[in-house]
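Q: Hi! I'm new to reading protein models, so could you walk me through this one?
A: Sure, let's have a look together.

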There are 2 protein chains.
Amino acid sequence: MKSDFNPACPVPLQQYPTVLLAHGGGGRLMHNLLEQVFLPAFGNPLLNCRHDGAVFEADAPRWAFTTDSYVVRPLFFPGGDIGTLAVNGTVNDLAMCGARPLYLSAGFILEEGLPLDTLRRVTESMRAAAAAAGVQIVTGDTKVVDRGKGDGLYINTAGLGRVEHDGTIGPSSVRPGDAILVNGDLGRHGVAILAVREGLAFESSIRSDCAPLVSPVMELLKAGIRVHCLRDLTRGGLAAALVEVAEAAGLTARVEEAAVPISEPVRGACEMLGLDPLYVANEGRFAAWVAAEDAARALDILRRQAPATAPACIGAMETGHGGQVVLRTALGATRLLDLFSGEQLPRIC
Amino acid sequence: MKSDFNPACPVPLQQYPTVLLAHGGGGRLMHNLLEQVFLPAFGNPLLNCRHDGAVFEADAPRWAFTTDSYVVRPLFFPGGDIGTLAVNGTVNDLAMCGARPLYLSAGFILEEGLPLDTLRRVTESMRAAAAAAGVQIVTGDTKVVDRGKGDGLYINTAGLGRVEHDGTIGPSSVRPGDAILVNGDLGRHGVAILAVREGLAFESSIRSDCAPLVSPVMELLKAGIRVHCLRDLTRGGLAAALVEVAEAAGLTARVEEAAVPISEPVRGACEMLGLDPLYVANEGRFAAWVAAEDAARALDILRRQAPATAPACIGAMETGHGGQVVLRTALGATRLLDLFSGEQLPRIC
């Protein structure tokens, strides 16, 4: 390497196979990390300016802004990794605002000693996920913490999306009679993570559902479906989304357990692990509260978007005890759902 | 506590003096953390919607977007804490784009076992810093990592600011002849942090310069100063900013060491610690590249903004070897500045 020594780049990155504290120090090594890892993966005109921030044209009157940090363990799992999650999770939060995701920031907290190859795999996943979701990573930051003080790699992404509708999508718009739809079968992400973590045998058959939700949401809006509220079913699963929306809307949600799509492998894994699939996290599933008259058409759109995932209408909202979620079980009994008090599955995203 | 048991809040937060994994689980405890810590500190109409993201009106054609993670150790230091830093650091990155900071996101990565009182102190600092800088925290996220896998508390903030000028502020606008100004004396933040970390005697006399830079930047722009580039002097200090801008502009920066304002206590501490103050991080200082004819007027504005901090013109840009930073020392010799290859002070912000 010494023979083609470049004065603008005195410390080639390949001399350091792992992350050093100096990679976060604002000096030459941080500069090299940017030049040799982040810019090649994410490069675009806004990021390439390499200013303290990205300046963009706001060509719409309303924008959505959101953030999430990602601390999933393990970093790689069937169906994705922390990089796909960091892009899709934030993209999906924007989609849940009825916004078209356009710009992401990426903040990396690296642990000293992290193999640079791991970082490269993760940035490559982020690049691919961003391209698939139609977003650009336009600004970023890297910090390095001492060995033993992180857990390899944490990522924060914040996102900006253009609101392309005139309504208010949120719990305050939910009305009695609204149908509750889900875009597919539940529980894959949580079970896939737990399977790897515990080294379980069904590991290979269950993949995370991690995926961008831009397209189904935009298709619903484009078709004029009266979408009142959207929630992605991440931490806390379907149950948390139902409870939070019912509480915020001051209405009761009535759900048919038999209508909730759960695949046989996930159902079996949950029984074995003692998990309730209604509380297990998803990363490519959402619930939509839509006007009752639009429900059938909305379901058709969701089915065309993802024919294999079994979208379904699982229930409806009604007046009554605000914040209640009433589940009619397969046996005809009713059960009230509440938020989990403990923690089923830590570090799931 | 049991006698006034509230069904909407079955697990009062005060029963848990420290952060549990379940505080990041999407269930009732996370809900309580939001209700009892974050909303009281940050509450505003956008955040209170508690949707997956905040929808705002983009009442200007151009916006700036930026992010930073904060991993400073210790969490509290003379002149600030991780919370003031997390607000001012991102606010300042927006100001360096010539943008008025308006909205912040806040992503918390908490270590299991963190005292909730520590989290409350930090959120209170963030609240006060946001109010002082004129920004609102409009969306957020909390994750909890296992005991031993974090370092108490990491914070990411992303920020949005309205661009209130028509120009391009960045290295590409820098011209030969541009004056280089700094808004005050250098090195306080890095020395203050190191003093606490090492338990040094001058600890009490040197406070971090952590402060929002919105007002001086907006005043320069309002006065019609031809501001070509702005850089806050954080990691890597003045030297890194000079090198990066000189490299990106393809020009040489010529700087008079004697003109660089450094207080006697900081100079003494740096000598004792073997630090070069030109490379030490600041959190309330920036360099401005302005048209030569505007330099005196710009300096007047900076002095009126902060009379006690000794703003100064430290040099000028010229054609020549692109990317060179030539420092004329007090003795009349010249020295080339480059980015640091190692790491003077890890975990400084």
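A: Before we start on distances, one term: the domain bounds used here come from an automatic or database domain assignment. Also keep in mind that this is a predicted model.

Q: Okay, so which domains is chain A divided into?
A: Chain A has domain 1, covering 2–163, and domain 2, covering 171–337.

Q: And how far apart do the C-alpha centres of those two lie?
A: The C-alpha centres of domain 1 and domain 2 of chain A are 30 Å apart.

Q: How many residues does each domain put into the contact?
A: Domain 1 of chain A brings 22 residues and domain 2 of chain A brings 25 residues.

Q: Which elements are on the domain 1 side?
A: H3, E5 and helix H4 (116–133) of chain A each supply at least two residues there. H3(A) gives the most to that side, with eight residues.

Q: What kinds of residues are those on the domain 1 side?
A: That side of domain 1 of chain A, where domain 2 of chain A is touched, has eleven nonpolar, eight polar and three charged residues.

Q: Switching topic: how many residues do chains A and B each give to their contact?
A: The contact takes 66 residues from chain A and 66 residues from chain B.

Q: Which parts of chain A touch chain B?
A: Several elements supply at least two residues each, including helix H1 (28–42), strand E2 (62–70), helix H3 (82–95) and helix H7 (237–249) of chain A. E2(A) gives the most to the side of chain A that touches chain B, with eight residues.

Q: And by class?
A: On chain A, the side touching chain B has 32 nonpolar, 19 polar and 15 charged residues.

Q: How do E1(A) and strand E2 of chain B pair?
A: E1(A) and E2(B), residues 62–70, pair in the antiparallel sense over four bridges. For one bridge there, A:Phe56 has B:Trp63 in E2(B) as its partner.

Q: What does pairing rest on in general?
A: Strands of a sheet pair through backbone hydrogen bonds, either parallel or antiparallel.

Q: What is the order of the strands in the sheet with E1(A) and E2(B)?
A: This open sheet has five strands in the order E1(A)-E2(B)-E7(B)-E5(B)-E6(B), with mixed pairing. E1 of chain A and strand E6 (136–145) of chain B stand at the edges with a single partner strand each, so one side of each has no neighbour in the sheet. Neighbouring strands of this sheet are turned by 20 degrees against each other on average, direction ignored.

Q: In what sense do E5(B) and E6(B) pair?
A: Strand E5 (residues 99–111) of chain B and E6(B) pair in the parallel sense, over nine bridges. In E6(B), B:Val144 is the bridge partner of B:Leu110.

Q: What does H4(B) lie across?
A: H4(B) lies across E5, E6 and strand E7 (153–163) of chain B, and runs at about 175 degrees to E5(B).

Q: At what angle do H1 and H4 of chain B pack?
A: Helix H1 (residues 28–42) and helix H4 (residues 116–133) of chain B pack at about 15 degrees, with their axes 9 Å apart. That makes H1(B) roughly parallel to H4(B). The H1(B) and H4(B) contact includes B:Phe38 and B:Phe42 from H1(B), and B:Leu119 and B:Met126 from H4(B). By class, this contact of H1(B) with H4(B) has six nonpolar, one polar and three charged residues.

Q: And how do H6 and H9 of chain B pack?
A: Helix H6 (residues 214–222) and helix H9 (residues 295–305) of chain B pack at an angle of about 150 degrees, with axes 10 Å apart. The crossing of H6(B) and H9(B) is right-handed. Among the residues making the contact are B:Pro216 and B:Leu220 of H6(B), and B:Ile301 and B:Leu302 of H9(B).

Q: Last one: what is the strand order in the seven-strand sheet of chain A?
A: The order is E9-E11-E8-E12-E10-E13-E14 in chain A, forming an open sheet with mixed pairing. Strand E9 (227–232) and strand E14 (334–337) of chain A stand at the edges, each with a single partner strand, so one side of each is left without a neighbour in the sheet. The twist averages 25 degrees from one strand to the next.

How values were computed: Residues numbered from 1 in each chain as written. Chains lettered and ligands numbered in written order. Predicted model: local features only at pLDDT ≥ 70, side-chain atom pairs only at ≥ 80, totals over all residues. Contact = placed C-beta atoms within 7 Å. Nonpolar A, V, L, I, M, F, W, Y, C, P; charged D, E, K, R; others polar. Pairing = 2+ DSSP bridges. Axes fitted to C-alpha atoms, helices over the stretch in contact; angles between N-to-C directions. Left-handed = near helix turned anticlockwise from the far one by under 90°. Parallel < 35°, antiparallel > 145°, perpendicular 65-115°, else oblique.
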